[in-house]
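Visitor: Before I rely on words such as "buried" or "core", I would like to hear how each of them is decided. Could you take me through this model with that in mind?

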Amino acid sequence: MEWQKFAEEMALLARTLLKQDSVQQTLDEIAASAVKLVDGCDAAGILAVRKGRAVTLSSYGDMVEESDRLQGELGEGPCFDLARRADEERVFRVADMTLPQPGWPRYAEAARGLGIGSMTGVLLYTHEEDFGALNMYAARPGAFTEDVATAGWLLASHAAVALADARTIDQLEHALETRHAIGEAMGMLMERHAMSEEDAFSVLRNISQHHNIKLRDVAQRIREKRTDGPA
């Protein structure tokens, strides 16, 4: 690796990631940047495990989604194991997928069929939370040396911080949208039925609890409704 050049690219990447407008755009930029910046990387993706199921959060390259799907169906594979943190490892590296892989025999056979020669992956995490695993694929065996795997780890560290920021901003925007929707629905109820602010909120809360519907969704329905009823 040419580390000085890579450091410059990391600085540019940090700025690029912070410019993204949503969590999904940040995820997509991370996957694309892995292919652009990590030597030998032909495809990359971000895999999360939710309630035991593999979920592809982002992919860049043809083999990624199929690889994720196979690992989820088989319940084995390096990306799947890393994302669910079964053994608390933060990084994996498979130097040569053409060799036997006792830990994931069924996945390894399927991966060879997808044209995967080598792989490496790093958890995207901060001290507070993890976001899944950034996984990098190469068609040829031996593409990911220790130096290259280290470069992937550095990229993932930058990416996790940017992703945490993006998610915080996304959550704040969502909270503001929710607050606005509830406030508007309360205003409509107060105007239509001469309710107090407290009574209007109680109506929304009671509908939410009785029908097991999120408060924001109740508010949205009231905003969209044009009849005289309170719900």
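Visitor: What percentage of the 231 residues in the protein chain do buried residues make up?

Guide: Buried residues make up 41% of the 231 residues, where buried means under 20% relative accessible area, exposed over 50% and partly exposed in between, with a 1.4 Å probe and protein chains only. This is a predicted model, in which local features need pLDDT of at least 70 and side-chain atom pairs count only at pLDDT 80 or more, while totals for chains, interfaces and linings use all residues. Residues are numbered from 1 along each chain as its sequence is written, and side-chain values use heavy atoms, with hydrogens and water left out.

Visitor: Why is Cys-41 called buried?

Guide: Cys-41 has 6% relative accessibility and therefore counts as buried; Cys-79, with a relative accessible area of 0%, is buried too. The structure nevertheless holds zero disulfides, a disulfide being a pair of cysteine sulfur atoms within 2.5 Å.

Visitor: How many helices and strands does the protein chain have?

Guide: The protein chain has eight helices and five strands, which are DSSP runs numbered from the N terminus, helices being H or I with at least four residues and strands E with at least two. Along the sequence they follow the pattern α-α-β-β-α-α-β-α-β-β-α-α-α.

Visitor: How do you know that the span of helix H3 agrees with what is expected?

Guide: The expected span is 1.5 Å times one less than the number of residues, so the 12 residues of H3 (residues 63-74) should span 16 Å, and the end C-alpha atoms are indeed 16 Å apart. The buried residues of H3 are Met-63, Val-64, Ser-67, Asp-68, Leu-70 and Gln-71. Seen down the axis of H3, these fall within an arc of 165°, so they line one face of the helix, the arc being that of the directions from the helix axis to the C-beta atoms. Just after H3, Gly-75 takes a positive phi of about 70°.

Visitor: What makes H2 mostly covered?

Guide: In H2, 11 of the 15 residues are buried, among them Val-23, Leu-27, Ile-30 and Leu-37.

Visitor: What makes E1 and strand E2 a pair?

Guide: Two strands pair if DSSP finds at least two bridges between them, and E1 and E2 (residues 53-60) are joined in the antiparallel sense over seven bridges. Ala-44 stands opposite Tyr-60 in E2. The two strands form a hairpin with two residues between them, and Lys-51 in the turn has a positive phi of about 55°.

Visitor: Which side chains of strand E3 are buried?

Guide: Along E3 (residues 91-94), Phe-92 and Val-94 point to one face and are buried, while Val-91 and Arg-93 point to the other and are not. Four bridges join E3 to the antiparallel strand E4 (residues 118-125), where Val-122 is the bridge partner of Val-91.

Visitor: Which residues touch the most other members of the largest nonpolar core?

Guide: A nonpolar core is a set of buried Ala, Val, Leu, Ile, Met, Phe, Trp, Tyr and Cys residues joined through side-chain atoms within 4.5 Å. Of the 31 residues in the largest one, Ile-30, Leu-124, Leu-134, Met-136, Phe-144 and Leu-155 touch the most other members. Helix H6 (146-193) is one of the elements that give two or more residues to this core, and H6 gives the most, with nine. A second, separate core of 22 residues includes Phe-80, Leu-82, Ala-83 and Ala-111.
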